[in-house]
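This report introduces a protein structure to a reader who has not met it before. Please look over the sequence and the structure shown here, and then follow the sections below.

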Amino acid sequence: MTSLPAAALHAINADLHCHSTVSDGWLEPEALVLRALGNGVELLALTDHDEVGGIDAAARVAAAHGLRFVPGVEISVSFAGETVHIVGLGIDHRNPALSAGLTQVREGRDTRAVRMSESLERVGIRDALAGARRFARNPALLSRAHFARHLVASGVMPDVRTVFDHYLVRGKPGFVDHQWATLEQAVGWIRAAGGIAVVAHPARYRLSAADFARLFDRFVAAGGEAVEVVSGAHTEDEMRRFATVARQRGLLASRASDFHGEKESAVDLGRCNPLPPDLEPVWSRLL
């Protein structure tokens, strides 16, 4: 727990959610850290999807340049028919319970990728699996983003967001339902690893008001402690909405770009809006 005054704490340029080539980011972990430094980031968390393989490399570069670094992860969760993401911050990335849980989550990705490719072939898009693999630096973590990049490179759609909207979200031809971890499992693995569990970019989930209430009820009951109020995916109205959730639920607030790459991300590393001044930053527990 930091002893910094509230104003100084809020002034820290913290970016606590981004991705490297170990999952579906465009930059190697080392290059990601250097970009963050160049953008004035003072506290950085690497949170690859269901994978912690980039943490050691990122931590070494951060230490060499005096950047405060937080080991993290983003875990895929199935909830109310949606894939919800739970970020873990300040984790021991070698913790056996966390490692076993992440291995369990990753094991289903290959099967899902094959099914996605078959679904896309039925609407005339051939060889999508081979194409997606060309964009995945980590063969153990093939994601929808890699399929989207292949479709953009093939000229099917102009950009990744449009690919998702037309092919890769629920109800579209390339979407394949998959059972990820439960909410309680993800929070439990993060807590076992000494970390803080955070609901990532909540405005992205297509949940009813009742389902959102259930999500946060179960999250808090499981030991979850924070929510991304500021995210690269959030509008100002959405930021205000989840600031209210943080106040009502007594949650810590996180700030994150969810940076994947220069051409794909709405917000660059360290360029997010500030947190509302009355909320307690999650990094008060990380410094």
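## Two domains

The centres of domain 1 and domain 2, taken over C-alpha atoms, are separated by 24 Å. In this model, which is predicted, domain 1 is made of residues 12-107 together with 178-285, while domain 2 covers residues 109-166. To the contact between them, domain 1 contributes 18 residues and domain 2 contributes 13 residues.

## The interface between the domains

The size of an interface is often expressed as the accessible area that is lost when the parts come together. For domain 1 and domain 2 the buried area is about 1300 Å², and carbon and sulfur atoms supply 48% of that area.

Polar links also cross this interface, where nine residue pairs are found in polar contact, both residues of each pair being at pLDDT 80 or more. On the side of domain 1 that touches domain 2, the residues divide by class into four nonpolar, seven polar and seven charged. The count of salt bridges between domain 1 and domain 2 is three.

## D50 and R109

Which residue forms a salt bridge with D50? The partner is R109, and the closest N and O atoms of the two residues are 2.8 Å apart; the side chains of D50 and R109 are likewise joined by a polar contact of 2.8 Å. In the structure as a whole there are 15 salt bridges. The pair of R109 and D50 links distant parts of the chain, since R109 belongs to helix 5 and D50 to the loop between strand 2 and helix 3, with their positions 59 residues apart in sequence.

Is D50 buried or exposed? D50 counts as buried because its relative accessibility is 0%, which is under the 20% cut-off. R109 is buried as well, with a relative accessible area of 3%. The loop that holds D50 runs between strand 2 (43-46) and helix 3 (55-64). Leaving aside neighbours within four places in sequence, D50 is in contact with V73, E74, I75 and S76, with L102, V105 and R106, and with R109 and L141.

## Other salt bridges

A further salt bridge joins E264 and R149, whose closest N and O atoms lie 2.7 Å apart. This pair, too, links distant parts of the chain, with E264 in the segment after strand 7 (252-256) and R149 in helix 7, 115 residues apart. The two partners differ in their exposure: E264 is partly exposed, with a relative accessible area of 27%, whereas R149 is buried, with a relative accessible area of 4%.

R94 forms a salt bridge with D56, and here the closest N and O atoms are 3.1 Å apart. The two residues are 38 residues apart, R94 being in the loop between strand 4 (82-89) and helix 4 (96-106) and D56 in helix 3. R94 counts as exposed, at 55% relative accessibility, and D56 is partly exposed, with a relative accessible area of 32%. Elsewhere, E236, D237 and R240 are linked in a network of salt bridges.

## Helix 8 and what covers it

Helix 8 spans residues 160-168, and within this helix V160, T162, V163, F164, Y167 and L168 are buried. What covers these buried residues of helix 8 includes helix 5 (109-121) and helix 7 (144-153). An α-helix has 3.6 residues a turn, so residues three or four places apart point the same way.

The start of helix 8 shows a further detail, in that a side-chain oxygen of D159 reaches to within 3.3 Å of the backbone nitrogen of R161.

## L183 and its surroundings

L183 is found in helix 9, which comprises residues 183-192. L183 is buried because its relative accessible area is 1%, under the 20% cut-off. Which residues does L183 touch, not counting residues up to four places away in sequence? L183 touches V77 and I86 as well as L215, R218 and F219.

One of these contacts joins parts of the chain that are separated in sequence, for L183 and L215 are 32 residues apart along the chain, while their C-alpha atoms are separated by 8.4 Å.

Definitions and conventions. Residues are numbered from 1 along each chain as its sequence is written. This is a predicted model: local features need pLDDT of at least 70, side-chain atom pairs count only at pLDDT 80 or more; totals for chains, interfaces and linings use all residues. Side-chain values use heavy atoms; hydrogens and water are left out. Domain bounds come from an automatic or database domain assignment. Contact means heavy atoms within 4.5 Å. Buried area is the accessible area (1.4 Å probe) that two parts lose on being put together, summed over both. A salt bridge is a side-chain nitrogen of Lys or Arg within 4 Å of a carboxyl oxygen of Asp or Glu. A polar contact is a pair of N or O atoms within 3.5 Å; within protein, one must be able to donate a hydrogen and the other to accept it, and residues adjacent in sequence count only if both atoms are side-chain atoms. Ala, Val, Leu, Ile, Met, Phe, Trp, Tyr, Cys and Pro count as nonpolar, Asp, Glu, Lys and Arg as charged, and the others, Gly among them, as polar. Buried means under 20% relative accessible area, exposed over 50%, partly exposed in between (1.4 Å probe, protein chains only). Helices (H or I, at least four residues) and strands (E, at least two) are DSSP runs, numbered from the N terminus.
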